[in-house]
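Student: Could we work through this model together, one question at a time, with the reasoning spelled out before each answer?
Tutor: Certainly; here is the entry we shall discuss.

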Amino acid sequence: MSLLETKNLGIAFGGLRAVDNFSINIKEGELLGLIGPNGAGKTTIFNMLTGVYLPTEGSIYIDGKKINGKKPFQIVKMGIGRTFQNIRLFANLTVIENVKIAFHKDMTYNTFTGIFRLPKYWKEEDEITTKALELLSLFDMENDAENMAKNLPYGKQRKLEICRALATNPKLLLLDEPAAGMNPQETKELMETIHFIRDKFKVTVLLIEHDMNLVMGICERLVVIDYGMIIAKGTPDEIKSNKKVIEAYLGS
Amino acid sequence: MTQFINQIINSLNIGSIYALIALGYTMVYGIVRLINFAHGEILMIGAFIGYFLAVTFNMSLIPLLLLSMIGCAIIGMIIDRVAYKPLRKAPRISALITALGMSMLLSNFFRWRFGASDKIMPEINLIGNIPMPNITIITVVITFMCMIGLQYVITRTKTGQAMRAVSEDKGAAQLMGINVDKTISITFAIGSALGAVAGVLYAINYGNLEPYMGTMPGLKAFVAAVLGGIGIIPGAMVGGFAIGIIETFVKGYISSAWANVFVFGILIIVLIVKPTGLFGKNIKEKV
């Protein structure tokens, strides 16, 4: 059973067809890479999957349920979590607050209960504080919990983004260039982290990446797009020798 | 010396009211980057609700205040839904002009329904049969309670956390499962409820109310919010008291006629010298 399925997904901005006829199937537990040259439409696809852009055609299903037309926060509840290409943490909030915000969808107390600190407030706040700290400690960041997110070093900010996305308890995790700006050592660590996340949280991962080492090293399957169209699908080895892909990347 | 102490007390009194209104301006600005010029009219509506409750039901201050807050919170949310929400993606200037229009609509609607003449706010009890003590003390105490409550909501509850997250980055917040529209609604509700408190206290302090009463305090509170750094909550509190002090002392020691000159002069000076306000950080535009 496929976790995510898109059928003929497409979007046009005015006369520009940014993505066209994009159909993929992701199975549960899979680690799929989405690659392509700059401007190919990779992030646009992520934005459609998460409801930021409304596709002009085609449909998206998660677990067999149609999601296009839903609001981003509703899609998060249905199980898609994501990170951003350019880090978009809540810079002036603490590390733990960043994570706690992602847990909000599981909290039910209302503003009134919050103002008067009724028992339910304590129960839920304590619960998510514990959960958030546990999650942070998996990434060795529990000691940074009270720091402002903007004061973290770059590598940790990237980690915190992943951590925050995991806190939304996704079935499908979308990582938008997680290795952007990292050195080879950090990239290697990141690869291990992504593997670890998938096994630990039983989450399916769809990853956009430019770093070929990372992509070839961890993805089981790759989808290559160029000018908004899928030009190749297959295992890393198949992709490496695919003529069209080489052309798209190096020019003909 | 007595005069000096009196001026201090007066400035705390009016400063509290400005601070309460300024909080509404600054909260809304922080979350949707909109100067809600209709906020002064919320103060007027709050005062009118209080007036009608006092006249018809002979209600005492505390229940009257709570009902007026609820009423204004609902009206604030409706204003957002009807006037500002459709313009969320429009250029900011459109929403600003809408806010000015909303302000005129509300005050003129009240003039049309209830007449332009001054209404006298009746004497009311504090709660039950306990008579009202000195109104200045009540004003300052209630204001501080509201501020502590607000600070607590903002820093300690998930509602406040969501508000701060939305004010930092709407896009990222909604992709973490936060309902942005709901969060904005709650912000308008809380800001308007504080405006209602200011309105009721203002009407009791001055003893009367009329449909245009919100305009001047609204504008001065806006100056207060800018002085403190618009979008920054402690800034609005400090700015409100600062404007209260300046206004009272100019009235007391120079001349009543000069008070507004000084207050609005501050707006000009702040905008020239430190546009981000006392508490604001200078953000350099990255190229």
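Tutor: A term to begin with: helices here are DSSP runs of H or I with at least four residues, strands are runs of E with at least two, and both are numbered from the N terminus. Please also keep in mind that this is a predicted model.

Student: With that naming, which residue follows H2(B), and what is the sign of its phi?
Tutor: H2(B) comprises residues 39-57 of chain B, 19 residues in number, and reaches 27 Å from its first C-alpha to its last, close to the 27 Å expected at 1.5 Å a residue. The helix is mostly covered, with 15 of its 19 residues buried. The residue that follows H2(B) has a phi near 55 degrees, which is positive, and that residue is Asn58(B).

Student: In which loop is Arg33(B) found, and is Arg33(B) exposed, partly exposed or buried?
Tutor: Arg33(B) has a positive phi of about 55 degrees although it is not a glycine. Its place is the loop between helix H1 (2-32) and H2 of chain B. A residue needs 20 or more other C-beta atoms within 10 Å to be buried and 12 or fewer to be exposed; because Arg33(B) has 14, its class is partly exposed.

Student: How many helices and strands does chain B have, and in what order do the elements run?
Tutor: Chain B contains 11 helices and 2 strands. Read from the N terminus on, its elements follow the order α-α-α-α-β-α-α-α-α-β-α-α-α.

Student: What radius of gyration does chain B have, and what would a compact globule have?
Tutor: The C-alpha trace of chain B spans about 55 × 40 × 40 Å along its principal axes, and 52% of its 287 residues are buried. Among contacts in chain B between residues at least 6 apart in sequence, 77% join residues at least 24 apart. For 287 residues a compact globule would have a radius of gyration near 19 Å, so chain B agrees with this expectation at 19 Å.

Student: What is the corresponding radius of gyration for chain A?
Tutor: Chain A has 10 helices and 10 strands, and its C-alpha trace spans about 65 × 40 × 35 Å along the principal axes. Of its 252 residues, 41% count as buried. A compact globule of 252 residues would come near 18 Å, and the value for chain A, which agrees, is 19 Å.

Student: Why can the buried residues of H5(A) be placed on the same side of the helix?
Tutor: H5(A), residues 119-138, reaches 29 Å over its 20 residues, close to the 28 Å expected at 1.5 Å a residue. Its buried residues are Tyr121(A), Ile128(A), Ala132(A), Leu135(A) and Leu136(A). They lie on the same side of H5(A) because the arc they cover around the axis is only 95 degrees.

Student: Which helices do the buried residues of H5(A) pack against?
Tutor: The face turned away from the buried side carries exposed residues, among them Trp122(A), Lys123(A), Asp126(A) and Glu134(A). The buried residues, by contrast, pack against three elements of chain A: helix H3 (95-103), helix H4 (111-115) and helix H6 (154-167).

Student: What is the phi of Asp140(A), and is Asp140(A) exposed or buried?
Tutor: Asp140(A) is found in the loop between H5 and H6 of chain A, and its phi is positive, about 55 degrees, although it is not a glycine. With 10 other C-beta atoms within 10 Å, Asp140(A) is exposed.

Student: Which helix gives the largest share of the side of chain B that touches chain A?
Tutor: In the contact between the chains, 20 residues of chain B meet 25 residues of chain A. Helix H5 (135-156), helix H6 (158-168) and helix H7 (170-174) of chain B each supply at least two residues of that side of chain B, which by class has 8 nonpolar, 8 polar and 4 charged residues. The largest share, 7 residues, comes from H6(B).

Student: Which helix supplies the largest share of the largest nonpolar core?
Tutor: That core has 164 residues, and those with the most contacts inside it include Ala22(B), Val197(B), Ala224(B) and Ala236(B). Leaving aside neighbours within four places in sequence, Ala224(B) is in contact with residues including Tyr18(B), Ala22(B), Ala236(B) and Ile243(B). The largest share of the core, 16 residues, comes from residues 180-206 of chain B, that is, helix H8.

Technical notes. Residues numbered from 1 in each chain as written. Chains lettered and ligands numbered in written order. Predicted model: local features only at pLDDT ≥ 70, side-chain atom pairs only at ≥ 80, totals over all residues. Rg over C-alpha atoms; globule rule 2.2 N^0.38 Å. Contact = placed C-beta atoms within 7 Å. Nonpolar A, V, L, I, M, F, W, Y, C, P; charged D, E, K, R; others polar. Expected span 1.5 Å × (residues − 1). Arc of directions from axis to C-beta. Core = buried A, V, L, I, M, F, W, Y, C linked by C-beta atoms within 7 Å.
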